[in-house]
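Welcome, and please have your viewer ready. We will take this tour one selection at a time.

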Amino acid sequence: MEDAEKRTIVLGVSGGIACYKAAELVRLLVQEGFSVQVVMTREAMEFVTPLTFQTLSGRPVATETFSLTQESEIGHIRLAGQAHLLVIAPATANIIGKITAGIADDLLTTILMATKAGVLIAPSMNVHMFENPILQENIGKLKALGYHFIEPTEGYLACGYEGKGRLPEPEDILEEIRRLLKKKDLIDERLLITAGPNQEPLDPVRYVSNRSSGKMGYALARVGLRRGAKVTLVSGPTSLVPPSGARLISVRTAAEMREAVLQEFANATAVVMAAAVADYRPEQYVSKKLKRAEGPIVLKLQPNPDILRELGERKNGRILIGFAAETEALVKNATKKLREKHLDLIVANDVTQEGSGFEGDTNAATLMDRKGAVHSLPLMSKEELADRIYDYLIEIRNSR
Ligand code: PMT
């Protein structure tokens, strides 16, 4: 995480069985560079001891309003002021009720009353409690006042019931925290992003494809959403979980990808083509499985249309960002694609370099624009690269 974004999270833990998941959330937050101050209610301490959170956060846990030592060392007003974001996970029906009623009768509710920071609430409880109209009305009132909520998920609940009430996975709460803290400088953009490979079927059990995992395109979608953009993600087959908030269109072949992209293009303000579009498809699809025979067989391939080139011919003010997966003459080949496809920016990755290109979580890219600027970036995470690409997109937009 960049220094400017290292933030203090005050994590309020109220008394529910999902307290144990909050411990994992603290671990993830610390790992990502956040300072985490945990505040526990008396009920939460019945489920997990403060020592667990103290060990994971590296800070004493705040529990008491009227403890002289805690108040002088931590102090509820100081905590309220320090927080860049206050997160309550898990949040019980009780604490949600207290916040709605303006009750401040323990340390956590007092901090909540005193803070000017944003508040993210992650409810977790029995399904009937969650559905109770009193709770739902409270949630509605708090949302109207600007409190943020992350919906509980459905499934088996510790009380034995099935239904909505599970605390979301710590990774999902972390993603929501990232989103809330990120600057919203893409709020006016409607991004059309492509990701992953294509599969070009040969017979019912075989296809021609490539090594793209979709990770670069999905990172672009996540980071775009965090920065406030509306995101449509046209994805070839991947094993990745689609980012919540993105409109996902799943496709298989290059022809399906082309159709979806052309359809969505009219509504987009910018396009980022990170997909490894299949350049060729088998000339013939055989409807029965090809039988093994003695000797070699010859496979004839037909070229697929170049989607990005088609978009370049009708871009009409939209910003077009392409990728180039190169194994030689990176700048020369990518510059040719930038020109021929009428792109505003091309992200060239040398896919022979260790840690760069296909499958991994990192990439090393060179960004080139129409004015001839060439920026070689070091190896970084695909999310960091996505941020750099969007910074460039904003520069291009501002220079128009
Ligand atoms: O998915 P990952 O495992 O994370 O890997 C990421 C990646 C290596 C796939 C990604 O970083 C990348 O380089 N994507 C583009 C791969 C590619 O197809 O490069 P290309 O040089 O063949 O194509 C140039 C551009 O034209 C690309 O933006 C491509 O999406 C587009 N294209 C290509 C062929 C075609 N028929 N239609 C297209 O629109």
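## A walk to the ligand

Begin by selecting the ligand and Lys-337: an N or O atom in the side chain of Lys-337 is 2.5 Å from an oxygen atom of the ligand. Keep in mind as you go that this is a predicted model.

Next, add Ser-213, where an N or O atom of the side chain is 2.6 Å from a ligand oxygen. Then pick Lys-341; here the distance from a side-chain N or O atom to an oxygen atom of the ligand is 2.9 Å. How much of the ligand does the protein bury? The ligand taken alone exposes 770 Å², and the protein buries 96% of that.

Now show everything around the ligand. This shell has 27 residues, and those that come nearest are Ser-212, Ser-213, Lys-337, Asn-349 and Glu-359. Colour the shell by class and you will find 13 nonpolar, seven polar and seven charged residues.

Switch to a cartoon view for the next stop. Which element gives the largest share of the shell? Select β16, which supplies four residues. β16 spans 319–326, and at least two shell residues each also come from α11 (215–226) and α13 (307–313).

If your viewer can draw surfaces, turn on the pockets: the ligand takes up the space of the second largest one.

Finally, zoom out to the whole chain. Colour 2–181 as domain 1 and 190–399 as domain 2, following the domain assignment. Taken over C-alpha atoms, the centres of domain 1 and domain 2 are 39 Å apart.

Definitions and conventions
Residues numbered from 1 in each chain as written. Predicted model: local features only at pLDDT ≥ 70, side-chain atom pairs only at ≥ 80, totals over all residues. Heavy atoms only, no water. Near = heavy atom within 4 Å. Polar contact = N/O pair within 3.5 Å; in protein donor to acceptor, adjacent residues only side chain to side chain. Areas by Shrake-Rupley, 256 points an atom, 1.4 Å probe, with all protein chains shown as cover. 1 Å grid on protein atoms, 1.4 Å probe; cavity = no way out; pocket = protein on both sides within 12 Å on 5 of 7 lines; lining within 4 Å. Sits in = over half its atoms within 2 Å of the grid points. Nonpolar A, V, L, I, M, F, W, Y, C, P; charged D, E, K, R; others polar. Domains from an automatic or database assignment.
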